[in-house]
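Student: I have a new structure to study, and I would like to learn how to read a sheet in it. Could you walk me through it?

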Amino acid sequence: MTPLLPAALTPADLPLAELNCARLDGELFPLAGAWCPVDAPDGPETRGEALTSVSPSRAAAERMSAAWIYGLAAEPDPHQFCIDMTARARKPAETTTQLREVRLGRHDTRVLGRQLVTTPLRTAIDLARWGRSPGCRADTALLAALLAYDGPIDLHADEQTLTGQRGISFSRRAAAQLREARRLNLSRR
């Protein structure tokens, strides 16, 4: 059965005044610049759908925005996106989002609610590398939750990939943080 309303509404769907009235009437709640019906589950699909309203074209939600979509972190301000270096897109001037050009492999992203999102593993690696930059507060518990999100993984192979590539910033520190997060996951079993 098709739902009567989309998971996330924007001023492209209804006038802003109507969206605000529906919010005041208790029919909608705000989420990432969009409005969602109160009976919509606040899960990864709905969060991804809501984020499409602020997402630059062809961009993937990454780092803290991806962790938020997976339900593992608070909503960041501003939202963080990345785009593959080959896409060559511009950040829209009117948005307050962060946009980085990165190399994205074909297994580094997935679609959640029409929004491209980095996988939990790619998100953990990016946060381990860049988790101390402005707008990112990655700790071992968050990295451990991301590594455990899809079930057991071969972290050793991913660490080899990360540390084996020359010229990747902060790869040694990231590998150490990922090992610590993996230890935390193993101690919880």
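Tutor: Gladly! Keep in mind that this is a predicted model. Strands of a sheet pair through backbone hydrogen bonds, either parallel or antiparallel. Here five strands make an open sheet, ordered β5-β4-β3-β7-β6, with mixed pairing.

Student: Which strands are the edge strands?

Tutor: They are β5 (98-102) and β6 (109-112), each of which pairs on one side only.

Student: How many bridges join β4 to β5?

Tutor: Strand β4 (residues 80-84) is joined to β5 by five bridges, and the two run parallel. For one pair to look at, find Ile83: its bridge partner in β5 is Glu101.

Student: What does helix α2 touch on the sheet?

Tutor: Helix α2 (residues 44-51) packs on the sheet and touches β3 (60-61), β4, β6 and β7 (115-118). The direction of α2 makes about 90 degrees with that of β6.

Student: Let's zoom in on one residue. Is Gln80 buried or exposed?

Tutor: Gln80, which is found in strand β4, has 0% relative accessibility, so Gln80 counts as buried. The side chain of Gln80 also makes a polar contact of 3.5 Å with the side chain of Gln98.

Student: And how many disulfides does the structure hold?

Tutor: Zero. To count as a disulfide, two cysteine sulfur atoms must lie within 2.5 Å. You can still read the surroundings of the cysteines: Cys36 is buried, with a relative accessible area of 0%, whereas Cys21 is partly exposed, at 44%.

How values were computed: Residues are numbered from 1 along each chain as its sequence is written. This is a predicted model: local features need pLDDT of at least 70, side-chain atom pairs count only at pLDDT 80 or more; totals for chains, interfaces and linings use all residues. Side-chain values use heavy atoms; hydrogens and water are left out. Buried means under 20% relative accessible area, exposed over 50%, partly exposed in between (1.4 Å probe, protein chains only). Two strands pair if DSSP finds at least two bridges between them. Helices (H or I, at least four residues) and strands (E, at least two) are DSSP runs, numbered from the N terminus. Contact means heavy atoms within 4.5 Å. Axes are lines fitted to C-alpha atoms, for helices over the stretch in contact, and angles run from 0 to 180 degrees between N-to-C directions. A polar contact is a pair of N or O atoms within 3.5 Å; within protein, one must be able to donate a hydrogen and the other to accept it, and residues adjacent in sequence count only if both atoms are side-chain atoms.
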